[in-house]
Amino acid sequence: MRFREDPLRMLMAIRFDCQLDDFKIEQNTYTSICRNAKLLENVSKERIKEEFNKILLSDLPNTGICLLDTTNLLPLISPSLCKCYGFEQNKYHLFNVLGHTRCVLRFVKPDLILRLAAFYHDIGKPQSLTVDENGERHFYGHELISEQIAREELKALKYDNKTIDEVCLLVRGHMDLLNLNLSEKSIRKLLNKYGEELLWKLIDLREADMKGTGIQYFRKIEEEIEN
């Protein structure tokens, strides 16, 4: 493919790989994307955003993020997510931050607000890391840092204000349902904060976030071995 004529074709190739069952990027094309990734800097943010949305909304958004990472295109879309590569978490997570993010993307519904929230929800963890006296890693307040990063990067990619505000609300609140007391008062409070539509999305995000830890699958294997 002639990427110098239109560097957006590099993103289109990744999108086709995620959307089409019988399409896989040929090795020479893949190598050319890696070599020419910086050409994407010459493409308008609006055009990049449109292709990125299509990758996120495909059946394999996790594959899309992996390809963006390995072809060197990810830094031109989300430099902060690159810092999550290989960044280990703690005993509550089987995967590093980037691996976890890919899992969560796979588990949430194909809704743009949800997929963007999944993409950004833990992106602030590298900046929030603390280690206690027992060597345990913690990420207190990571949701606030993640929200800040999401807002900055979404603005840079020319998303509209409504999309940015809804994504950031979900990113900031994705820990709200942890150990939630399901009283009528707490549910009313959540409805007032999010509204019914966004609250359902928050529930979807939280469920995917829990699945994406990998821990429940590890426990399932342990139970099968014990039985």
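Which residues of the largest nonpolar core touch the most other members? Of its 61 residues, these are L11, F52, I65, L68, L73, F119 and Y120. A nonpolar core is a set of buried Ala, Val, Leu, Ile, Met, Phe, Trp, Tyr and Cys residues joined through side-chain atoms within 4.5 Å. At least two residues of this core come from each of helix 1 (8–19), helix 3, helix 4, helix 6, helix 7, helix 9 (142–156), helix 10 (161–173) and helix 11. In soluble globular proteins, nonpolar side chains tend to be buried together.

The model is predicted; local features need pLDDT of at least 70, side-chain atom pairs count only at pLDDT 80 or more, and totals for chains, interfaces and linings use all residues. Residues are numbered from 1 along each chain as its sequence is written, and side-chain values use heavy atoms, with hydrogens and water left out.

The chain holds 12 helices and two strands. Helices (H or I, at least four residues) and strands (E, at least two) are DSSP runs, numbered from the N terminus. Their order from the N terminus is α-α-α-α-α-α-α-α-β-β-α-α-α-α. The C-alpha atoms fill a box of roughly 60 × 45 × 35 Å along the principal axes. The radius of gyration of the chain is 19 Å, which agrees with the value near 17 Å for a compact globule of 227 residues. This radius is taken over C-alpha atoms, and the globule rule is 2.2 Å times the number of residues to the power 0.38.

Buried residues make up 48% of the 227 residues. Buried means under 20% relative accessible area, exposed over 50%, and partly exposed in between (1.4 Å probe, protein chains only). The accessible surface comes to about 12400 Å². Carbon and sulfur atoms account for 51% of that surface. Among contacts (heavy atoms within 4.5 Å) between residues at least 6 apart in sequence, 69% join residues at least 24 apart.

Helix 6 spans residues 97–107. Its buried residues are V97, L98, G99, H100, T101, V104 and L105. Their cover includes helix 3 (45–56), helix 4 (61–70), helix 5 (79–82), helix 7 (112–120), helix 8 (125–128) and helix 11 (184–211). At the start of helix 6, a side-chain oxygen of N96 lies within 3.1 Å of the backbone nitrogen of L98. I65 also contacts L98. Beyond four places in sequence, the other contacts of I65 are F52, L56, L81, R102, L105 and F119.

H174 lies in the loop between helix 10 and helix 11. H174 counts as buried because its relative accessibility is 2%. Its side chain makes polar contacts with the side chains of D122 (3.4 Å) and H142 (3.2 Å). A polar contact is a pair of N or O atoms within 3.5 Å; within protein, one must be able to donate a hydrogen and the other to accept it, and residues adjacent in sequence count only if both atoms are side-chain atoms. Leaving out residues up to four places away, H174 touches H121, D122, H142, E143, L202, L205, R206 and D209.

Two loop residues stand out by backbone angle. Most residues other than glycine have a negative phi. N72, not a glycine, has a positive phi of about 75°. N72 sits in the loop between helix 4 and helix 5, and is partly exposed at 42% relative accessibility. K158, also not a glycine, has a positive phi of about 70°. K158 belongs to the loop between helix 9 and helix 10. With a relative accessible area of 45%, K158 is partly exposed.

Terms used:
Accessible areas come from the Shrake-Rupley method with a 1.4 Å probe; for residues, only the protein chains shown count as cover.
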